[in-house]
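These are my notebook entries on a structure that I had not looked at before. I wanted to look up how its interior is packed, and then to go through its aromatic rings and its backbone.

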Amino acid sequence: MLKINLGGCNSFVNDAEYKAYLDKALAAFDVLESETGAGNDFLGWKKLPSTNLSNGLIEECEAVRDSWKAKNVDLVVTIGIGGSYLGAKCAIEALSHSFAKELGSKGAPEIVFAGHNLSEDYICELMDLIETRNVACVVISKSGTTTEPAVAFRIVKQYLENKYGKAEAAERIVAVTDAARGALKSLSTQEGYKTFVIEDNVGGRFSVLTPVGLVPICLAGYDIRALLEGAQSMEELCAKRCTECNPAIQYAAMRNLLYDGGKKTEILVSFAPKLQYLGEWWKQLYGESEGKDGKGIFPASVNFTTDLHSMGQWIQEGERTIMETTVTVENASRNMIIEADAQNLDGLNFLAGQHVEHCNKMAELGTRLAHIDGGVPQLNVTIEKINEYNLGEIFYFFEKACGVSAYMLGVNPFNQPGVEAYKKNMFALLNKPGYEDKGAALRARL
Ligand code: PA5
């Protein structure tokens, strides 16, 4: 079971302050649970684990997996951006062999991502890859109108139709989108694609436990039932109105207390390279949910020990406006012992007989203590090992804590009005009909 440890904040806050923030977090939790706060029409994510364990969605995902397996599909292009991409990317990276590509097929198709940028080089290189492979495509967009995935999908769709013919291409495309609205929905209906629905009441960055995350994760060969079961365990724990036992309330309370005390940036840390994309998913979740109305902790992420050799100096001695949340993985999934060496030329015999992971653990503990000494409060979330169940726990825990935390901050966690600004400028500069005046005004500024 996921555990939280806030002992690394003891030298930065006192008990009375923390108690006061726990009370504030409890009040925010009540708003979330009674569904009376801002954005309360976007709370469908709270019950996703229990709902999706029993409504046939798992079997529906597995049916797609099996039908593409029967076609010997060995590459699935998954198209999406933001919340329609990061959850699946995070889970697949975490669960995959670090050298899966180099080692070759493990029986499931390789999943590659597209539509999360507008780089011509990237899309051309993607086409180089798919020309050599037996390809299918999952296109994911809740709104069905986002430019980046729409451009990538137009190109991949045309390629699939040229290669396989229109009818077969339609069998190799699955869409995940709104039940009724958006260009992707109407296109899918017209072309006869298998479609999964993203419910209206679930926003993109809270959608990893919907078909947005579940379809690609299942296609990659991972156990989405275990993922949902792990999430369900947190759905139960994080629903408790309990400051002593609910980790979402505790985490939200402490990070807001530290923020109000001047710690304006939170760095998510992992010592497991496979969790690099957990940082990317978490940054989107917290960045888009909290960064508004001139407020919000700036979410950043690093991977240690790698980044101790790039960002370690800044974290230890730079401006003292940061807090760190380390996601600890208690146990490695594999074993490697450092053997004794008769000559000991490298001077490492003091490590003989130790697991490599033991060194990683000591590095982690040493870093956390050094950073406390350097003025960086330490929050800690621990899972036993990296697997589907524990990732489900982490996803749900951070989502619930995010809802509580954003309500403590006094913002609507479930909108993202600021994302529109760049889109409008981009449309204007691309001469999208309707944006002519804005385009002229922008060009005059360039
Ligand atoms: O969290 C969000 O709502 C956003 O990050 C969206 O997921 C992202 O903009 C992609 O939107 P869509 O799924 O509508 O293409």
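Entry 1, the nonpolar cores. By a nonpolar core I mean a set of buried Ala, Val, Leu, Ile, Met, Phe, Trp, Tyr and Cys residues joined through side-chain atoms within 4.5 Å. I keep in mind throughout that this is a predicted model. I looked up the largest core and found that it has 99 residues, and that those with the most contacts inside it are Trp45, Trp68, Met254, Leu275, Trp281, Phe397 and Phe398. Its largest share comes from helix 16, residues 388-409, which gives 13 residues. Apart from this core I noted another, of 23 residues, which includes Ile79, Leu126, Met127 and Ile173. As background I wrote down that nonpolar side chains tend to be buried together in soluble globular proteins.

I then took up one residue of the largest core and asked myself which residues Met254 is in contact with, once its neighbours within four places in sequence are left aside. The residues I found for Met254 are Leu6, Cys9, Val13, Tyr18 and Leu379.

Entry 2, the cavity. I looked up how many cavities of 30 Å³ or more there are, and the count comes to 1. The volume of the largest cavity is about 40 Å³. I listed its lining as Leu268, Val269, Ser270, Leu275, Gln276, Leu278, Gly279, Ser301, Val302 and Asn303. Leu275, which lines this cavity, is also one of the residues with the most contacts inside the largest core. When I sorted the lining by class, I had 5 nonpolar residues, 5 polar residues and no charged ones. At least two lining residues are supplied by each of strand 7 (265-270), helix 13 (276-290) and strand 8 (298-303).

Entry 3, the aromatic rings. I found 17 aromatic pairs in the structure, and I followed two of them further. Tyr85 and Phe113 form an edge-to-face pair, with 5.5 Å from centre to centre and 65 degrees between the planes. Tyr85 lies in the loop between strand 2 (75-79) and helix 4 (86-95), whereas Phe113 lies in strand 3 (residues 110-114), so this pair ties together parts that are 28 residues apart in sequence. Tyr85 is buried, with a relative accessible area of 9%, and Phe113 is buried at 6%.

In the second pair, Tyr251 and Tyr286, the ring centres are 6.2 Å apart and the planes stand at 80 degrees; edge-to-face means over 60 degrees, so I count this pair as edge-to-face too. Tyr251 is in helix 12 (residues 247-260) and Tyr286 in helix 13, so the pair joins parts that are 35 residues apart in sequence. Both tyrosines, Tyr251 and Tyr286, are buried. I also noted one aromatic cluster, formed by Trp45, Phe206, Tyr396, Tyr407 and Phe414.

Entry 4, the backbone. I looked up where a cis peptide bond occurs, and found one joining Phe304 and Thr305, with omega at about 5 degrees. Thr305 is in the loop between strand 8 and helix 14 (312-317).

I then noted positive phi values in residues that are not glycine. Glu35 has a phi near 55 degrees; Glu35 lies in the loop between helix 1 (15-34) and helix 2 (48-54), and is partly exposed, with a relative accessible area of 37%. Asp293 has a positive phi of about 55 degrees and is placed in the loop between helix 13 and strand 8. Asp293 has a relative accessibility of 61%, and since exposed means over 50%, I count this residue as exposed.

How values were computed. Residues numbered from 1 in each chain as written. Predicted model: local features only at pLDDT ≥ 70, side-chain atom pairs only at ≥ 80, totals over all residues. Heavy atoms only, no water. 1 Å grid on protein atoms, 1.4 Å probe; cavity = no way out; pocket = protein on both sides within 12 Å on 5 of 7 lines; lining within 4 Å. Points joined across faces, edges and corners; volume = space filled by probe spheres on them. Helix = DSSP H or I, 4+ residues; strand = E, 2+ residues; numbered from the N terminus. Nonpolar A, V, L, I, M, F, W, Y, C, P; charged D, E, K, R; others polar. Buried < 20%, exposed > 50% of the residue type's maximum accessible area, 1.4 Å probe, protein only. Contact = heavy atoms within 4.5 Å. Phe/Tyr/Trp six-rings, centres within 6.5 Å; stacked < 30°, edge-to-face > 60°.
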